Every structure is written in structure tokens, then in C-alpha cells.
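Please examine the arrangement of strands and helices in the model shown below. The account that follows starts from strand pairing and moves outward to the neighbouring helices and a loop.

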Amino acid sequence: MVNGAKRVLVFDSGVGGLSVFDAIAASGHAFDLDYAADNAWLPYGLKTDEQLRVRVPALLSRLVEQWAPDAVVVACNTASTIALEPVRAALSVPVVGVVPPIKPAAAQTRTGVIGLLATPATVQRAYTDDLIAQFASDKRVIRFGSAALVEAAERKLRGEKAQQSAITEAIDGLFSAPGGDQLDVVALACTHFPLLAAELAAVAPRPCLWMDSGEAIARRLVHVLIAQEGPSRVQRAAFTSADSARASLRAFKARGFSDFSHIVEAPNFQIAPFDDASSA
């Protein structure tokens, strides 16, 4: 560990949390960064609220016991909107969640029309309604939910071509909606989606501002941990499905990860060696 560095565990259902990981790593502060993906349950948007309220705290409790981070970042909008309170109740370290960037999007729009691109579950949640009522009540908010974009991001980080149909569908859903001809800011309310920002912007009918929560999470983490300035250092990554993780390892290796583990399933969630990661 770098002298004075704080250890941070970034958690997501899949690779989407890498968009948040990248923002934390680029923050200019000394963090030792671990990553855990519950990819055996991907996507979280297809699970019930009760399933996630049980599984996510249990999984993170075991990871905190074994890896001893100074803080946990729940880099998943679905998990944050559903399970953040039980996670915080279960852990003894600070927990930073993801908030859809509706407030900064509303502040940046010049036309008064903003887009909200999220998973179908996040688009429909009362939590999202409350954020819009609180920070964008005087704006027109065009919502579009896409589960296909999650898989498109996962495919991109596996080195495959992202499905163009998913990208086109999302753009049409936003810009072809009533008022979409005035849309000038899009809030990306799923951590997978910033990984496709270039592809989305390329298909959009005109330039607009694409906003995500990565930098805001990094700033919050610096404040919570009173982090020192300095370089971040990549540490370990672990996955609940070793088989499906193998296809994504190139994205993790590109970020400096070399220590990979398998999280054995419930109820114990024991971290075990990922024997053949180096050859994947």
C-alpha cells in the first residue's frame, strides 16, 4: 500500500463500475483500488428489490471482512437505489452510492429539456421521481430505459463490437420523443452507459452534453476518507462468476489489474484463487 493511501472497494454487478473506477483512479488522490463484480447475477435490473436487499449486503459484508477496505463504492445505480440503506447498516466502513446525475444535468441545460438514460428499473423508480421533483421540476425530462445497453457495454469491454441496435434504439427513444428536438443534456444513470458515451454521441442527431456520476463519486470519496493527493494504485479484482469473467479480463488488465479471484457463491462468499486468469 502506498504510504497514506486509503483502500477502496468498487462494487458493481458487472463491468459498468469501471467507469466509476476510472474517475476515482484519475482523481489525483492516493487510493489502493479493488474491484468486485457480482457478474453471476448480471443484470441486477432483472432481480427483485427483495433479492437485492438480501444479497448485496451479505456479499459486501463478506468482501469487507476479507479485504478490509477503508470505504466501499456501490458503483451501480440499481443497487444504490434499492439496497444502499441495508448495505450501510451491514458495514462498519463508509459506503458511497451512485445518484443519477439529474441535478447537474438540470443545472447545465440551456433549453430546459434533459434526457435520462437508465435501465428500465431505474427509470421507473420512485427514487428517480423524487430526484426529478427536487432538482428538475421546472425542466422537461425525457426518460428512456434500456437493458440492451448494459449488454452492449459488457460486449465492448470483452473486445467485441457493441450492438448498434441497442445504441440506435436508445438515441431514438430520447431524441424522437416529444420535445426531443430541444434536448441538449443527457444524464447517464447507469454506470455501464459512460463506457458507450462515444458510440451514443456518434449516433445522436446533434451535439449534446453527456453527464455521468463518476467525477462526483470521486470527489465524495476524497471528502469521506480525507484522502491525500498522490497516485492511485490498482490492486485486486474478484468475480462471482469466474467463467463469464474471463471474457472481460482484458478490460481489467488494461487498467493494471493482475490479481484476480473468484467469489464462491452464497452463503459464504469466500474469495478463492482464480487459477487460470493469467492465460485468459
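Two strands are taken to pair if DSSP finds at least two bridges between them. The model is a predicted one, and its pairings can be followed on that basis. Val-72 stands opposite Val-95 in E4, and E3 and E4 run parallel, joined by two bridges. E3 is also joined to E1, again in parallel, by four bridges; here Val-8 has Ala-71 of E3 as its bridge partner. The side chains of E3 alternate: Ala-71 and Val-73 point one way, Val-72 and Val-74 point the other way, and all are buried.

These pairings belong to an open sheet of seven strands, in the order E4-E3-E1-E2-E9-E10-E11, with mixed pairing. E4 and E11 (271–273) stand at the edges with a single partner strand each, so one side of each is left without a neighbour in the sheet. At the E11 end, the pairing with E10 (residues 259–263) is antiparallel and extends over three bridges. Within E11, Pro-273 stands opposite Ser-261.

Helix H2 lies across E1 (6–12), E2 (31–37), E3, E9, E10 and E11, and runs at about 150° to E1. H2 (49–67) is also among the elements that cover the buried residues of helix H3, as are E3 (71–74), E4 (95–96), H5 (120–124) and H6 (126–135). Those buried residues are Asn-77, Thr-78, Ala-79, Ser-80, Thr-81, Ile-82, Ala-83, Leu-84 and Val-87.

H3 itself comprises 14 residues, 77–90, which at 1.5 Å a residue should span 20 Å; the end C-alpha atoms are 19 Å apart, in agreement with that expectation. The helix nevertheless has a kink of about 75° at Ala-83, shortly before the proline Pro-86.

The last site is a loop. Thr-240 lies between strand E9 (233–239) and helix H11 (242–245). Is Thr-240 buried or exposed? The cut-off for burial is a relative accessible area under 20%; Thr-240 has a relative accessibility of 4%, and therefore counts as buried. Apart from neighbours within four places in sequence, the residues in contact with Thr-240 are Ala-37, Asp-38, Asn-39, Ala-40, Arg-55, Leu-59, His-262, Ile-263 and Glu-265. With Ala-40 there is a polar approach as well: a polar atom of the Thr-240 side chain lies 2.9 Å from the backbone nitrogen of Ala-40.

Definitions and conventions
Residues numbered from 1 in each chain as written. Predicted model: local features only at pLDDT ≥ 70, side-chain atom pairs only at ≥ 80, totals over all residues. Heavy atoms only, no water. Buried < 20%, exposed > 50% of the residue type's maximum accessible area, 1.4 Å probe, protein only. Polar contact = N/O pair within 3.5 Å; in protein donor to acceptor, adjacent residues only side chain to side chain. Contact = heavy atoms within 4.5 Å. Expected span 1.5 Å × (residues − 1). Bend = angle between axes of the 7 residues up to and from the residue. Axes fitted to C-alpha atoms, helices over the stretch in contact; angles between N-to-C directions.
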